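Could you take me through this model stop by stop, telling me what to select in the viewer and what I will find there?

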Amino acid sequence: APEAAEELIAELIAGSTINLVGLHRLHAIVWRGAGQPALLASLRAAGMLELAVQLVQEPNLLVRKAAVQILWALSAAPSGAQLLAAQPLLLAAIIRLIEKGAFVAEDLEILVPPAVSTLRNIALAPGAHAALVAAGAVGALLHLLLGTQLAQSSSTLVDVMLVLWKLSATASTAATTSALSELCADSVLKRLSELATRTAAEAEVASSPHRRRLDAAVADENDDDDPVAANAAVCALLCNIATEPDVAERAGAHGAVEAVCASLRAGLLLSNNAAAANGAPLGQSCTVSTLHAVWALANLLSLSRANCKRLLSREAGALGTLTQLLAYEEPPTPLVSVQLAAQLQTRNTARFKAALALRCATRTSPDAAALRVPGLVRTLVRLLGFRATESCHGLALQALIELADGRELLPTRDHFADADALDAAAAEGGEVRAERGDTLEGAREVAAAGALAQLRHTFLSAERDVLEGSMQ
């Protein structure tokens with residue numbers, strides 16, 4: 001194969017016209033052997049990379065298509081993707097093709113999907129992020145995201161968001177800063193929020209048992225659509241973008257809270273349906289889309305009190321959804337399969353982010369009674385009894401303090417400048433307790449859920465936030 005590839009490349013370089021048959025034969029060779037070191041060395045030595053720069057800019061649509069298909073096949077192997085990542089002229093040519101394709105319907109349909117898939121494969125290669133950012137990948141992909149009519153669940157749009165996600169959190173501080181500066185525009189935030197809402201609705205429909213049976217019996221009209229993957233990708237991108245207070249509070253992000261809440265509901269429904277179908281406990285599984293959605297929600301709430309108020313005023317069911325995600329079920333045996341261990345780890349991460357989101361919401365609410373959704377207190381108290389949920393204990397205790405309406409009843413040293421002020425507040429606190437005897441309903445609910453028994457364990461914690469939360 002390496003010798004045949006070299007001969008074809010030599011013919012293509014020497015020919016006065018482009019031989020499409022030769023290009024198709026070269027594509028077949030690369031597709032079969034993209035990961036072979038000997039083939040990669042032959043392609044590089046024969047001048048394939050320089051030829052590709054020329055071919056993707058040819059006026060003939062069929063030539064450009066064949067060239068992009070070869071690059072896509074080459075990028076499918078990690079070694080091939082790394083080879084392409086080290087070619088700045090070739091990266092720039094691919095990105096120019098995408099930018100132009102965004103405005104030409106024929107190119108958008110034929111050339112853009114394999115070109116974006118090629119960028120996705122390159123973005124997965126170590127060290128490729130800075131090169132992609134420098135070549136203008138963010139701007140080109142944003143043209144596709146904002147200015148074209150790509151189907152909202154198409155694999156191409158998923159690839160667009162996956163590449164942007166990788167570029168928004170790179171190993172290079174400068175590359176990340178450059179990417180985020182373009183991604184934080186209000187128009188981008190608004191578009192991502194719209195996509196999250198729509199793909200969540202599609203994922204919710206697709207996750208229903210009736211729809212799954214229908215899809216199994218009848219071939220889907222568009223096999224390219226995957227609303228669950230699309231929703232996971234857009235939530236992951238929102239999560240990376242919403243890492244600064246000024247971004248979380250921008251006008252374009254106002255719909256993001258509702259969008260990720262819709263995504264969280266859809267993801268939990270998918271997890272619960274899958275668990276029910278397999279006879280598995282509900283508290284052990286978690287989809288990737290659920291993880292990214294709750295992570296994005298935690299970021300949006302932790303950076304903006306306005307977003308917390310927006311959650312409590314517009315998303316009445318959000319606390320109930322977070323309660324479901326907080327639930328924990330012990331595995332049936334200490335020895336679990338690798339697959340189940342990965343599921344439990346994903347669920348544990350999502351549970352921590354749910355606890356963080358809940359802590360932010362409870363801290364902001366002016367009325368603790370409005371936070372007492374069915375099962376929330378009991379779920380939080382139950383978390384305190386398991387070693388596997390230790391990462392959530394501090395946040396759970398702080399939320400329980402809020403739910404017990406303890407903010408004004410329990411002054412702490414953090415609120416006062418010195419011990420004398422603390423002593424004065426303690427004396428004043430006695431009067432407050434006497435005047436607010438009717439506010440102990442929340443405290444009684446926390447106690448009735450078994451909190452006092454669990455505190456015997458949390459008082460032994462080596463973590464400062466857990467110890468202080470227990471004392472409060």
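## Stop one: the largest cavity

The largest cavity holds about 60 Å³ of space. A cavity here is a set of points, on a 1 Å grid over the protein atoms alone, where a 1.4 Å probe fits but cannot get out; its volume is the space filled by probe spheres set on the points, which are joined across faces, edges and corners. Before going further, note that this is a predicted model, where local features need pLDDT of at least 70 and side-chain atom pairs count only at pLDDT 80 or more, while totals for chains, interfaces and linings use all residues. Residues are numbered from 1 along each chain as its sequence is written, and side-chain values use heavy atoms, with hydrogens and water left out.

Select Leu 189, Leu 238, Cys 239, Ile 241, Ala 242, Val 247, Ala 248, Ala 253, Ala 256, Ala 296 and Leu 300 to show the lining, meaning residues with an atom within 4 Å of a point. Helix 16 (227-241) contributes the most, with three residues, and helix 17 (245-248) and helix 19 (288-302) each supply at least two. Helices are DSSP runs (H or I, at least four residues) numbered from the N terminus. This lining is made up of eleven nonpolar residues, no polar and no charged. In this scheme Ala, Val, Leu, Ile, Met, Phe, Trp, Tyr, Cys and Pro are nonpolar, Asp, Glu, Lys and Arg are charged, and the others, Gly among them, are polar.

## Stop two: the second largest cavity

Two cavities of 30 Å³ or more are counted, and the second largest has a volume of about 30 Å³. To see its lining, select Ala 203, Val 228, Asn 231, Ser 263, Ala 266, Gly 267, Leu 270 and Ser 289. Helix 18 (256-278) and helix 16 each supply at least two of these residues, with the largest share, four residues, coming from helix 18. Here the split is four nonpolar, four polar and no charged.

## Stop three: salt bridges

The whole structure has seven salt bridges (a side-chain nitrogen of Lys or Arg within 4 Å of a carboxyl oxygen of Asp or Glu). Stay on helix 18 and pick Glu 258 with Arg 314, which meet at 3.1 Å, N to O. Arg 314 belongs to helix 20 (residues 305-314), so this pair ties together parts that are 56 residues apart in sequence. Glu 258 is buried at 19% relative accessibility, whereas Arg 314 is exposed at 54% (buried is under 20% relative accessible area, exposed over 50%, partly exposed in between, with a 1.4 Å probe and protein chains only).

Next, select Glu 402 and Arg 359, whose closest N and O atoms are 3.1 Å apart in a salt bridge. Glu 402 sits in helix 24 and Arg 359 in helix 22, so the pair joins parts 43 residues apart in sequence. Both ends are buried: Glu 402 at 5% and Arg 359 at 12%.

## Last stop: an aromatic pair

Which aromatic pair does the search of the whole structure find? Select Tyr 328 and Phe 386: their rings are tilted, at 4.8 Å centre to centre and 55° between the planes. Rings of Phe, Tyr and Trp (its six-membered ring) pair if their centres lie within 6.5 Å, with planes under 30 degrees apart called stacked, over 60 edge-to-face and the rest tilted. Tyr 328 is buried, with a relative accessible area of 6%, and Phe 386 is buried too, at 16%.

Methods: 1 Å grid on protein atoms, 1.4 Å probe; cavity = no way out; pocket = protein on both sides within 12 Å on 5 of 7 lines; lining within 4 Å.
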